[in-house]
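User: Could you walk me through this fold? I'd like the helices, a sheet and the cores.

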Amino acid sequence: MSKEESKIKEDSKEKFYSVPNVRPDGGKNSEDRRLYSLSLSQIRKHSSQFSDYHHKPSPFSLRWITGWNPKAGVINLNSRGSTTVFYAACNCGILYNWTTNQMRILQGHRHMVNCIAADGDGKWLVTSDCGPENLITIWDSDDYFPNKTYFLPHGNMRVSKVALSQDSRFMLTLGYHEKTAIFWWIWSSGQEEPHAALNVDIPKDGVLAMEFNPDNTWQFVLMTKTDIWIGLSQKVFVMERGLLKETDDYELKIRMVEKKPEINMAFGKLTCFTFVSITSQILVGTSRGAIHVNGYTIEYQENIEPKSFEFLKFVKALKLEDTKINVIRSIDGVIVTGNNGGQIRFYDEQLKLLHWLQDLSVDRVRSISFNISPRSYKIIDLKCGIPKKCPCWENVETERDPVTGIIRQKLIKKNLPTDATTSGKTFLVRDFIVTTGNQGIGFVDFVTEKLATILDYRVSSALCVTVHPEKPYLCQGFADGVLDLVNFSQHKLFARIDLREHYKVVVPPSDDCIKYEYEVNKPELSVTCLKYAPSGLHLACGLNTGQLLFLDPVTIRILTQPFNDSQHAIKDINYSCDSLTLAFSDAGHTVCVYKYDCKALAWTFIAKHRAHYKDITAVFFTPVMNDNGDYKLLSLGADRIMVEYNIGASSGEHLEIFSLDRMDQTAVPLAGFHWPTPKEVDAESQRTDLPMILVANDEYKYKIVNYATAMTLATVLGPRFESPVSRMQLVSRKEEQNVLEYILFATKNIIGLQKLPLDGNPWKHVGILGHPIQITDMCYREDLGTLFTQGARDICMCQWAANYRAVDSTCQQGGIDLDPYYCLIENGRPGWLFQEIRDLFYYIQILCQGTFSPTKRTVKDYIPIDSLPDLMRALGFFPSEYEVENLLTEAKFKVYQPTPFAEVDFEEFVKLYLNHRPAFGEELGRVRNAFRTFASLEKEDYVMSRDEFVDMLGSYGECFSRDLSWYLLSILLGHSFEDRASMPEDDYSFLPETISLRDLLINVMGIQEVELLGDQFSARESFGSSWGSSVTGTSDDRERNN
């Protein structure tokens, strides 16, 4: 490469640099400085130059977020002709350009973003969340790169408010503990601690707003419902040798602006405030349409410099409007207010009305944010007619505005708004963005006085979502009965139906009615479930009333009358493979079945059955048909029951049951689907005709179950995040001539991909935070690799792009053989547990060969399968008889083997042990809860008598005979063989007369330091939380780090 080409290449990279991020080091660290200055996407692009950089693979990339958080507010970043708005959605900050329909997503928060801020130029942006692991991030809006991040800025306190000064020098944060804590930061210094802090006697959640003074950024103001607090930051001075010396420390001072108590009673509570530059006043709006004036002088004076905050005082209160003032702003020499009546009014500095906007068709104005740069224009007074036909219009030349740097806009004088004065002067201010109650976020062009909606606002949360299998359509159902059809490729609303409005009943007044008013009754409908058929020809809609609707899949027009075959909310809908049979489950534990008549082109109700006594967690069809030609239908419930239905034999609206089996002993199934035989299974030597389903349960396990016999064929450790897998789907992708299969899964708030085959390898799955609180529904478009997730309480829908290679690369990093499993063992391969596993594996061989055998010992790599239960118990895993049966079945047949094996090698044994043992170890809480079930409360402690304890062992669960109970309990309490020989077999006098939980744990079970163990097991939530706080990565990063 020549020197010129090298220089051009270096110059092209300069545009990626963020100057405040470049460290002032010498030339020897130029590569490091370059790394610090690049954003994440740019680092990936130039990753070949930075071989030391590694980023965590993400299974999904966030492409779009529909919805926003109105509590965080909206900031207008329009400057020099740009059209960008900054707001919060879900756990991200959003920069949205509504003219180009482009979205920049600022990711990095674990919890919902509740505060945003920006400086006066829109260069620096701030996002803050309010969760336990809260953080504040400062972003560069030019390259969307996080310039500074503060982790737990208030310690254990949660951040409630954030403000950034106009000159971007200072940042103010507020949190609540016993008092209101105010932290003041010079964030550009890089210091991790606040430069000044102050505690104020304001009750929790008492501060409504907080801002810096734009003309004097050393001042700031807090507003509560009743008072205004003005604060000041300044250097600390000390007296040394009689001289006043300035230090490097800062301090905060704050005082409340006093006023008479009856002022609030007469004019209402405070709602908003603004600074007026020309008069140095602070104007405060109230809930009764009044304005409080706070200033340094009683008389109105212009060009007043802001004095010491000690001299600010309440001047007077004026009643200006009839409704609550929600927002007040000072811009371009005028005062702007927005009220609950949907009106926007403009006043001069003396609060005289100049202009108003009231034809925007909004219910109320929540906030107003003006363009950053002022309007650049040139007013032309045409004398000769229409602009397009007037030669004067074309001959007018507009120059570039020296302030904004853009060409001035030509405006016709007669078309411009005028003020309310007698002279009717032209009245112009810069354009602004307004947030409303019914129109969402809108842009107001002040010249035309028209509102253009940027983002819609949904008050109610979305409960369900489904995607068309072929067309770019996505259907959402909301709690207020609204259905939205969205084109997800263009991100535009295509159609909307309000079911409450559609099914409203208008009752005319009776003849003897005095008022003669019509009575309108709207049903309280909510859309609880939506589902497109696999063919894309049908769209089913389930309601909270149990009614089922069928909609047009392209226009969401209602095609049928509601089916009223259920009285409870519909929870889940599924179609058969041919899209001609539909089944749904409701909140009343009932399964209903419908069929489509291709001749009559109509859906008909077939039958229903209530086979579960607890919630149904999954209902689905298999691709296998019965003898009568119907696809097999299965349902799983929280009662641990699996039901197979016989649709063909059903009649008289009664759904026949083919089989009903208890499928597990303790684990509750949360999700399931038909499990196909893997293609790598040899049809000649292995079984390929097994009817199987895959079930995910609440014990963080996958189970392959033969639904014909209800036998568990395999148990596999699943993802171990904060919560178990509750949704999953089998997906695939093509790579050259091969078809690779994955499991798309979701926990309470995590989404991820898992590579097949399932073997418990923790490196085969990768997860990412989907929503900060909970995922209410999700759907996947396999041909596009696009996932849609709906969140709870954040009122947002996220659109993700699948990244299968992230799972493939992570799986390769895990290694082969037992290498990926060492992270599941305490302290890994060199740890004591693995050494114990290896020693006991060979010790079992000695027992099988005979302890006192004189023959030569032969060490093998395998042990008899029948010895597996004893070896598991020796390692601290005590399976029940049911679990032992599953363990031996899996070890013998390995799911697909027609003939049983008799031995198992060391590697397979380790995998069996890790997959079958509890995902988080034995839980002390389970023992405590079980004991309390049978014990009685006496003197604030649960106890059982000796006889009750023995009877419990022989009467419930997997029962012990009295002889076996006596034998085992005598061993557990330390009696030797000689002691047992001298004791009667039915004598339990070695047990205490009354047994408490502590006696059971310490004396019988031999658990020492019960209090310490209790703390250890109760820390599981924080243990899981540490996993969930990682935005991207596999669920077992913590073990691998060990």
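User: In which hand does α10 pass α11 in their crossing?

Analyst: This is a predicted model, where local features need pLDDT of at least 70, side-chain atom pairs count only at pLDDT 80 or more, and totals for chains, interfaces and linings use all residues. Residues are numbered from 1 along each chain as its sequence is written, and side-chain values use heavy atoms, leaving out hydrogens and water. Helices are DSSP runs of H or I, at least four residues, and strands are E runs of at least two, numbered from the N terminus. A crossing counts as left-handed if the near helix is turned anticlockwise from the far one by less than a right angle, and right-handed if clockwise; α10 passes α11 in a crossing that is right-handed.

User: Which residues of α11 does α10 meet?

Analyst: Contact means heavy atoms within 4.5 Å. From α10, Asn886, Leu887, Glu890 and Ala891 take part, and they meet Glu908, Leu912 and His916.

User: Which strands stand at the edges of the β38-β39-β40 sheet?

Analyst: Two strands pair if DSSP finds at least two bridges between them. The sheet is open, with antiparallel pairing. Two of its strands have a single partner each, so one side of each lacks a neighbour in the sheet: β38 (527-532) and β40 (548-551).

User: Which residue in β39 stands opposite Cys529?

Analyst: β38 pairs with β39 (residues 539-543) over 5 bridges, in the antiparallel sense. Opposite Cys529 stands Gly542.

User: Which strand gives the most to the core around Ile65, Tyr87, Ile94 and Tyr96?

Analyst: Those four have the most contacts inside the largest nonpolar core, which has 38 residues. With 4 residues, the top contributor is β1.

Terms used
A nonpolar core is a set of buried Ala, Val, Leu, Ile, Met, Phe, Trp, Tyr and Cys residues joined through side-chain atoms within 4.5 Å. Buried means under 20% relative accessible area, exposed over 50%, partly exposed in between (1.4 Å probe, protein chains only).
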